[in-house]
Amino acid sequence: MSKPILKLLFLAGDGIGPEITSATKSVLFAVSSICKKSLEVTDADVGFKALETSGSTIPDSVRVQVKEVDGVILGPVSHNAYPPITEGGLNPSGILRKDLDLFANIRPARVWEGVPSSSAKPFHLTIMRENLEGFYADRNMHHGTGEFMPDPNTALAFRKITRHASTRIAEASFLHAQKHGVHRVTAVHKANVMRITDGLFLECCREVAAKFPNIAYDEMLVDAAAAHLVRNPNAFGVIVTTNMFGDILSDLASELSGGLGVAGSLNLGPSYAMAQAQHGSAPDIASKGIANPISLILSLGMLLHHLGEERASKAIETAMIRTLPHSRTKDLGSTNSTEGFTNALIA
């Protein structure tokens with residue numbers, strides 16, 4: 001009897017994207033023999049390469065293709081360097097998050113043995129970031145942008161917070177905590193000054209928290225949360241917060257643990273999921289063979305776990321634990337190349 005098929009799509013992106021997606025693909029093939037499903041892996045272009053061939057950094061064909069697979073692995077993109085939207089310069093990450101309704105951005109941060117860390121003690125926490133509204137100008141309006149200038153000397157921005165989005169990121173956070181045996185969820189906000197928007201967000205979090213009496217729930221101002229992350233990250237289990245606060249705090253937590261290069265990320269929606277490295281495209285080191293592939297490899301592990309391939313996901317985590325003490329890339333204080341580290345991990 002043939003095994004069911006797991007369809008995965010790789011989008012290499014820009015800069016170091018092709019190198020780290022290639023490494024991640026090699027790791028995927030290495031665990032394929034212990035996957036419950038047979039793998040069907042395809043590739044498509046986004047970013048500058050797609051712009052050259054199709055006139056768009058994310059062609060319509062790719063926007064269709066991502067809905068025909070079980071999971072997407074997106075390499076980093078150089079969207080800040082793209083031409084205007086009218087010339088095809090769309091942000092693939094933002095477009096895919098909206099197209100696929102990827103409302104939750106799940107970002108774990110942990111200290112790995114062998115990786116230099118800014119934290120005095122080991123820690124392991126997860127930041128659950130609402131992904132589709134907040135202060136992000138490309139994600140909070142039905143038509144047009146959430147930023148505008150009524151005159152040349154005034155710039156304004158809208159922040160959108162809805163009950164629907166706040167409730168489902170809160171629910172996802174408590175379910176994540178429950179699934180992973182975490183006993184505390186902290187809602188991070190700025191309701192002392194954003195009384196209406198963060199007030200609504202907290203109202204939704206409290207309503208959801210009441211449905212999970214076995215998980216402790218507390219609230220913290222975002223500035224205090226940043227300070228506490230530096231002082232004692234072990235005080236946190238799961239942090240749930242709005243889009244921009246989550247973006248900033250997850251970078252802080254990852255840097256404390258050893259850097260964005262060792263931090264995975266999963267974008268999750270009701271029907272689709274997308275693995276994505278936390279870091280950028282690093283065009284200054286592209287094609288030099290020194291890029292660190294760990295973030296995207298860990299993101300693949302998160303995707304596999306979500307898709308029911310827990311054994312393969314655990315194999316990647318275990319291999320990472322065994323490899324990092326003796327093999328790392330240059331950015332992590334060692335001398336290995338992208339390929340050398342990947343081969344050590346697979347071995």
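How many aromatic pairs does the structure hold? Keep that in mind while reading these notes; the answer comes in point 4.

1. First, a reminder: what you're looking at is a predicted model. The protein chain has eleven helices and twelve strands, so there's plenty to trace by eye. 

2. Now for the overall build. A compact globule of 347 residues would have a radius of gyration near 20 Å, and the protein chain comes out at 20 Å, which agrees. If you lay the C-alpha trace along its principal axes, the protein chain spans about 50 × 50 × 45 Å. Turning to contacts with a separation of 6 or more, 74% of them in the protein chain are between residues 24 or more positions apart.

3. Next, inside and outside. Of the 347 residues in the protein chain, 52% are buried. The accessible surface adds up to about 15600 Å², and carbon and sulfur atoms own 54% of that. As for charges, the protein chain carries 32 positive and 34 negative ones, and the mean positions of the two sets are 6 Å apart.

4. Back to the opening question: the structure holds four aromatic pairs. One of them is Phe-148 with Phe-158: the ring centres are 5.6 Å apart and the planes sit at 35 degrees, so this pair is tilted. Planes under 30 degrees apart would count as stacked and over 60 as edge-to-face, which is why 35 degrees lands in the tilted group. The two partners are ten residues apart, with Phe-148 in strand E6 (residues 147-151) and Phe-158 in the loop between strand E7 (154-157) and helix H5 (163-179).

5. Are Phe-148 and Phe-158 buried or exposed, or something in between? Phe-148 has 35% relative accessibility, so it counts as partly exposed. Phe-158, at 45% relative accessibility, counts as partly exposed too.

6. Another pair worth finding on screen is Phe-174 with Phe-212. Their ring centres are 5.2 Å apart and the planes are at 25 degrees, so this pair is stacked. Phe-174 lies in helix H5, while Phe-212 lies in the loop between helix H6 (197-209) and strand E9 (216-221), so the pair ties together parts that are 38 residues apart in sequence. Both Phe-174 and Phe-212 are buried.

7. Which residues do ring pairs link into a cluster along with Phe-174? Phe-212 and Tyr-217 are the partners, and ring pairs join these residues to Phe-174.

Technical notes: Residues are numbered from 1 along each chain as its sequence is written. This is a predicted model: local features need pLDDT of at least 70, side-chain atom pairs count only at pLDDT 80 or more; totals for chains, interfaces and linings use all residues. Side-chain values use heavy atoms; hydrogens and water are left out. Helices (H or I, at least four residues) and strands (E, at least two) are DSSP runs, numbered from the N terminus. The radius of gyration is taken over C-alpha atoms; the globule rule is 2.2 Å times the number of residues to the power 0.38. Buried means under 20% relative accessible area, exposed over 50%, partly exposed in between (1.4 Å probe, protein chains only). Contact means heavy atoms within 4.5 Å. Accessible areas come from the Shrake-Rupley method with a 1.4 Å probe; for residues, only the protein chains shown count as cover. Lys and Arg count as positive and Asp and Glu as negative; His and the chain ends are not counted. The place of a charge is taken as NZ of Lys, CZ of Arg, CG of Asp or CD of Glu. Rings of Phe, Tyr and Trp (its six-membered ring) pair if their centres lie within 6.5 Å; planes under 30 degrees apart count as stacked, over 60 as edge-to-face and the rest as tilted.
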